[in-house]
Amino acid sequence: MEYHKSIVTILIPILALLLSSNYIPCKAQLSTTFYDDSCPNALTTIRSSINAAVTSESRMAASLIRLHFHDCFVQGCDASILLDDAPSEKTAGRNGGVRGYNVIDDAKAAVESICPGIVSCADVLAVAARDASVAVDGPTWPVRLGRRDSTSANPGVAQTDLPVASMNLGQLIANFDRKTLSVRDMVALSGSHTIGQARCVAFRARIYDNTSNIDPEFASSLRSNCPQTGGNGNLESLDLVTPNTFDVNYFRNLLERRGLLASDQALFNGDSTDSIVQEYVDNPSVFLSDFAAAMVRMGDIDPLTGANGEIRTVCTTAN
C-alpha cells in the first residue's frame with residue numbers, strides 16, 4: 001500500500017505539468033547551454049562574425065532579424081529558408097527582398113572550422129538575430145539552442161504562411177495566431193521595423209491612395225523615390241526618423257500616420273492594438289522587454305530536435 005501511495009505522490013505533479021498550458025515538449029528540448037560542452041566557443045564565434053557584418057553595413061542587423069522571422073514562419077525554425085533547393089524558399093514571392101544569406105553562411109563556416117558537424121544552421125540563424133539586435137543597441141535575450149536543420153525547403157508554405165505588407169489588422173492577428181504568437185507578440189515583433197528598409201513595391205499602393213490613413217506630406221515625400229511605375233526595388237527606411245537606431249520611433253511614427261507599410265499603420269488605426277502602440281511610446285522599456293520575449297517565443301516555433309532533421313555542413317544544401 002505504501003508503494004502505491006509513493007507512485008501516486010510522484011505521478012500527480014507530473015500529470016499536472018503535462019496538463020498545464022506551460023508544458024510544450026518540443027520547447028523543453030531546447031536549452032541555452034546546449035553547446036557548452038560540445039562547442040563552447042560557438043556563440044562567441046557567431047557573435048564576432050555578426051558584429052563584423054553589421055559594422056560593415058548597419059542595415060544588415062534588420063536583414064538578419066527578418067531572415068530569422070521568415071525562417072520560423074515556414075515549417076518552423078529549421079533553416080529551410082537557407083537551402084538552395086529548386087524551387088527554394090528564397091525565390092518565393094513573399095521572400096522578395098529578404099537578404100543576409102551570405103552572412104549566415106560565413107558565420108556557419110566559422111563555427112564549422114572549430115566544431116565540425118556540431119552547430120546547426122537553424123541555431124546559427126537564431127543566435128545571429130539576437131547578436132544583430134545587440135549590435136545596433138537593441139535588446140538581448142537568451143537563445144534556446146538545440147534545433148536541427150530540415151533537409152528540404154517549402155516555397156509553397158512560404159507563399160501562404162508569411163505575412164505581407166498589405167495585410168489589415170485582422171489578417172495580421174490571424175497570421176501570428178497560427179504560429180501560436182499573441183497579439184502583443186505581433187505588435188512587439190513589428191517593432192523590428194524601427195530599423196531596416198522596404199522596397200517601393202511594398203508601399204507604393206499606400207502612398208498613392210489618397211483615401212488611405214497616411215499623412216499627406218509623408219506620402220508626398222516618398223513619391224519621388226517610388227514612382228507609380230518602375231523603381232520597384234527602390235528603398236526607403238521603415239523609420240525615417242532614426243533609421244539605424246533600435247528605438248520606439250517606429251511606434252511614434254504610427255501615431256502621426258507615418259507608418260511606411262499598410263501593415264505597419266494597421267497597428268494604430270482606431271482598433272484593438274492602438275493601446276499597445278501607445279504603451280510602447282509611453283514606456284520604451286516595455287517594448288524592449290516585450291520584443292525580447294516575443295523573439296524567444298518565435299524561436300521556439302516547431303523546431304526539429306532529437307533525431308529529426310540533420311546538422312548541415314553547409315547551410316545552402318542538405319548533407
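Where is the place of Ala79? Begin with that, then work through the rest. The model is predicted.

**Exercise 1. Place Ala79 and Gln75, then decide how covered each one is.**

Step 1. Find Ala79. Its place is in the loop between α4 and α5.

Step 2. Find Gln75. Its place is also in the loop between α4 and α5.

Step 3. Check the backbone. Phi of Ala79 is near 65 degrees, a positive value in a residue other than glycine. Phi of Gln75 is positive too, near 50 degrees, and Gln75 is likewise not a glycine.

Step 4. Apply the cut-off. Buried means under 20% relative accessible area, exposed means over 50%, and partly exposed lies in between. Ala79 has a relative accessible area of 0%, so Ala79 is buried. Gln75 is at 30%, so Gln75 counts as partly exposed.

**Exercise 2. Find the cis peptide bond and say where its proline sits.**

Step 1. Look at the bond from Ala86 to Pro87. This peptide bond is cis, with omega near -5 degrees.

Step 2. Locate Pro87. Its place is in the loop between α4 and α5 (101-114).

**Exercise 3. Describe His70, starting from its record.**

Step 1. Read the record. In an unreviewed entry, UniProt lists His70 for "active site". Such an annotation may be inferred rather than shown by experiment.

Step 2. Place the residue. His70 is in helix α4 (residues 60-72).

Step 3. Judge its cover. The relative accessible area of His70 is 5%, so His70 is buried.

Step 4. List its contacts, leaving aside neighbours within four places in sequence. His70 is in contact with Ile81, Arg94, Asn95, Val98 and Leu162.

**Exercise 4. Do the same for Pro163.**

Step 1. Read the record. UniProt places the feature "binding site" at Pro163, again in an unreviewed entry.

Step 2. Place the residue. Pro163 is in the loop between α7 (155-161) and α8.

Step 3. Judge its cover. Pro163 has 18% relative accessibility, so Pro163 counts as buried.

Step 4. List its contacts, with neighbours within four places in sequence left aside. They are Phe69, Phe73, Leu172, Asn175 and Phe176.

**Exercise 5. Which residues are closest to the centre of the largest pocket?**

Step 1. Start with the space. About 850 Å³ lies in the largest pocket.

Step 2. Turn to the lining. It has 38 residues, and the closest to the centre are Arg66, His70, Pro163, His193 and Leu261.

Step 3. Look at the elements. Those that give two or more residues to the lining are α4, α8 (169-177), α9 (183-190), β1 (197-199), α10 (200-207), α13 (262-265) and α15 (284-299).

Step 4. Pick the main contributor. The largest share, six residues, comes from α4.

Step 5. Link back. His70, listed by UniProt for "active site", and Pro163, given as "binding site", are both among the residues closest to the pocket centre.

**Exercise 6. Is Tyr250 buried or exposed, and what does Tyr250 touch?**

Step 1. Place the residue. Tyr250 is found in helix α12 (residues 249-255).

Step 2. Judge its cover. Its relative accessible area is 1%, so Tyr250 is buried.

Step 3. List its contacts, again without neighbours within four places in sequence. They are Ser190, Gly191, His193, Thr194, Asp239, Asp264 and Leu267.

Step 4. Take one of these partners. Gly191 is 59 residues from Tyr250 in sequence, yet the two are 6.5 Å apart in space, C-alpha to C-alpha.

Step 5. Take another. The side chains of Tyr250 and Asp264 make a polar contact (2.7 Å).

**Exercise 7. How many residues of α9 are buried, and what covers them?**

Step 1. Count. Six of the eight residues of α9 are buried, so this helix is mostly covered.

Step 2. Name them. They are Asp185, Met186, Val187, Ala188, Leu189 and Ser190.

Step 3. Find the cover. It includes α8, α12, α14 (274-282) and α15.

**Exercise 8. Describe the nonpolar cores.**

Step 1. Take the largest core. It has 75 residues, and Ile50, Leu82, Ile104, Phe251, Leu267 and Met298 touch the most other members.

Step 2. Find the main source. Helix α6 (residues 121-135) gives the largest share, nine residues.

Step 3. Zoom in on Leu82. Beyond its neighbours within four places in sequence, Leu82 is in contact with Leu67, Lys90, Tyr101, Ile104, Cys121, Arg312, Cys315 and Thr316.

Step 4. Add the second core. This separate set of 13 residues includes Cys200, Ile214, Leu238 and Leu261.

Note on methods. Residues are numbered from 1 along each chain as its sequence is written. This is a predicted model: local features need pLDDT of at least 70, side-chain atom pairs count only at pLDDT 80 or more; totals for chains, interfaces and linings use all residues. Side-chain values use heavy atoms; hydrogens and water are left out. A nonpolar core is a set of buried Ala, Val, Leu, Ile, Met, Phe, Trp, Tyr and Cys residues joined through side-chain atoms within 4.5 Å. Buried means under 20% relative accessible area, exposed over 50%, partly exposed in between (1.4 Å probe, protein chains only). Helices (H or I, at least four residues) and strands (E, at least two) are DSSP runs, numbered from the N terminus. Contact means heavy atoms within 4.5 Å. A polar contact is a pair of N or O atoms within 3.5 Å; within protein, one must be able to donate a hydrogen and the other to accept it, and residues adjacent in sequence count only if both atoms are side-chain atoms. On a 1 Å grid over the protein atoms alone, a cavity is a set of points where a 1.4 Å probe fits but cannot get out, and a pocket is an open set with protein on both sides within 12 Å along at least five of seven lines; lining residues have an atom within 4 Å of a point. Grid points are joined across faces, edges and corners, and a volume is the space filled by probe spheres set on the points.
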